[in-house]
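Hi,

Here is the structure I said I would pass on. Have a look at it first, and then read my notes underneath.

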Amino acid sequence: MSSPSKPVASAEIPRHVAIIMDGNGRWARRRLLPRVAGHRKGVEALRGVIRACAERGISHLTVFAFSSENWRRPQEEVTLLMELFMRALENEVAKLHENGIRFRVIGDLGGFSERIQDLIRDAEALTRDNTRLTFTVAANYGGRWDIVQAVRTLIAEGACAADVDEAALAKRLSMTGEPEPDLFIRTGGEQRISNFLLWQLAYAELYFTDALWPDFDAAALDAALASYRKRERRFGRTSEQVQSAG
Ligand code: IPE
Ligand code: IPE
Ligand code: MG
């Protein structure tokens, strides 16, 4: 029998973890390195987190790699980030495929070079039938953009007001068909959403850590998962209802 104070009803392991990988620049600055060194180290950290998620039975991992607002950064940093993205697509996708990982990119891909767009299309096609983990990168992504493009799609399909409901809209968002994030993690100490998955985060458990992204490892992930396990997910109900159902 569970005591009233013991939180229940959040499954042991979240199905879907969504992460804002923040703090690369500060990680580099603390070491008197150029910001891009932090981004490079961030790619390494991501490799470890993908592996750790797969090992822990998390079936969906979505990371924010480049926001629609990040074009506002200095031109040099944007160029270096694009190069890094291209190299990662060239070098990492085969390994993802070998490990049974399905790879997807969400965002306004038209903002990227033809080369990057081709690499993304090839990687998605190669890995489309993998089922161990769906790994999604949000790139040139914005939550508001996503909602607007979903509405545009509905209108283009000839929807009238009566056709528009939550299910119809959700079906046209970039993450369609995937479960909503159960656990949201943001590294780097900032406590904001920064236009990430606005619609899908409605009921996610939020976890903020001061750890800078390049330092975020399997142990840091486990700390987030431990916090998640203590949460009681009520979805509007009372604690008593949740506990008697659980
Ligand atoms: C996150 O790290 C990576 C991207 C936004 C591309 P930042 O580059 O935002 O690092 P800080 O916040 O400046 O430390
Ligand atoms: C959010 O980080 C986007 C990514 C991690 C890609 P930012 O560092 O760009 O967010 P703000 O500008 O501090 O909100
Ligand atoms: Mg930042």
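Below is what I found, going from the core to two helices, a buried polar residue and the ligands.

One thing before you start: this is a predicted model.

**The cores**

The largest nonpolar core has 44 residues, and the members that touch the most others are I19, L61, F135 and I185. Helix α3 (residues 75-98) is the top contributor, giving 8 residues to this core. If you want a way in, centre on L61. Apart from its neighbours within four places in sequence, L61 is in contact with H16, V17, I19, V49, I50, C53, L133, T134, F135 and T136. There is also a second, separate core of 12 residues, with A18, F196, L197 and A204 among them. That fits the usual picture: in soluble globular proteins, nonpolar side chains tend to be buried together.

**Two helices, each with a buried side**

Start with α4, residues 114-127. Its 14 residues should span 20 Å at 1.5 Å a residue, and the end C-alpha atoms are indeed 20 Å apart. Buried in α4 are I116, Q117, L119, I120, A123 and T127. Why do the buried residues of α4 line one face of the helix? Seen down the axis, they fall within an arc of 160 degrees, so they end up on one face. The general background is that an α-helix has 3.6 residues a turn, so residues three or four places apart point the same way. On the face of α4 turned away from the buried side you will find the exposed residues E114 and D122. The buried residues of α4 pack against α3 and β3 (101-106).

Now α7, which runs over residues 218-229. It has 12 residues and reaches 16 Å from first C-alpha to last, close to the 16 Å expected. The buried residues of α7 are A220, L221, A224, L225, S227 and Y228. They cover an arc of only 155 degrees around the axis, which puts them on the same side of α7. Their cover includes α2 (35-55), β5 (183-186) and β6 (205-208).

**A buried asparagine**

N140 sits in strand β4 (residues 133-141). Is N140 buried or exposed? At 7% relative accessibility, N140 counts as buried, because the cut-off for that is under 20%. Its side chain makes a polar contact with the side chain of W71, at 2.8 Å. Leaving out residues up to four places away in sequence, N140 touches F66, S67, S68, W71, G107, D108, G111 and F112.

**The ligands**

Around ligand 1 are M21, D22, G23, N24, G25, R26, R35, H39, A65, N70, R73 and L81. On the polar side, a side-chain N or O atom of D22 is 2.9 Å from an oxygen atom of ligand 1. Backbone N or O atoms also come in: one of G23 lies 3.4 Å from a ligand 1 oxygen, and one of N24 lies 3.1 Å from a ligand 1 oxygen.

Ligand 2 is surrounded by I20, M21, D22, F64, A65, F66, S67, N70, R73, R186, R192 and S194. Here the polar atoms I looked at are in side chains. An N or O atom of the R73 side chain is 3.2 Å from an oxygen atom of ligand 2. For R192, a polar side-chain atom lies 2.8 Å from a ligand 2 oxygen, and for S194 the corresponding distance is 2.6 Å.

Cheers

How values were computed. Residues numbered from 1 in each chain as written. Chains lettered and ligands numbered in written order. Predicted model: local features only at pLDDT ≥ 70, side-chain atom pairs only at ≥ 80, totals over all residues. Heavy atoms only, no water. Helix = DSSP H or I, 4+ residues; strand = E, 2+ residues; numbered from the N terminus. Expected span 1.5 Å × (residues − 1). Buried < 20%, exposed > 50% of the residue type's maximum accessible area, 1.4 Å probe, protein only. Arc of directions from axis to C-beta. Contact = heavy atoms within 4.5 Å. Core = buried A, V, L, I, M, F, W, Y, C linked by side-chain atoms within 4.5 Å. Near = heavy atom within 4 Å. Polar contact = N/O pair within 3.5 Å; in protein donor to acceptor, adjacent residues only side chain to side chain.
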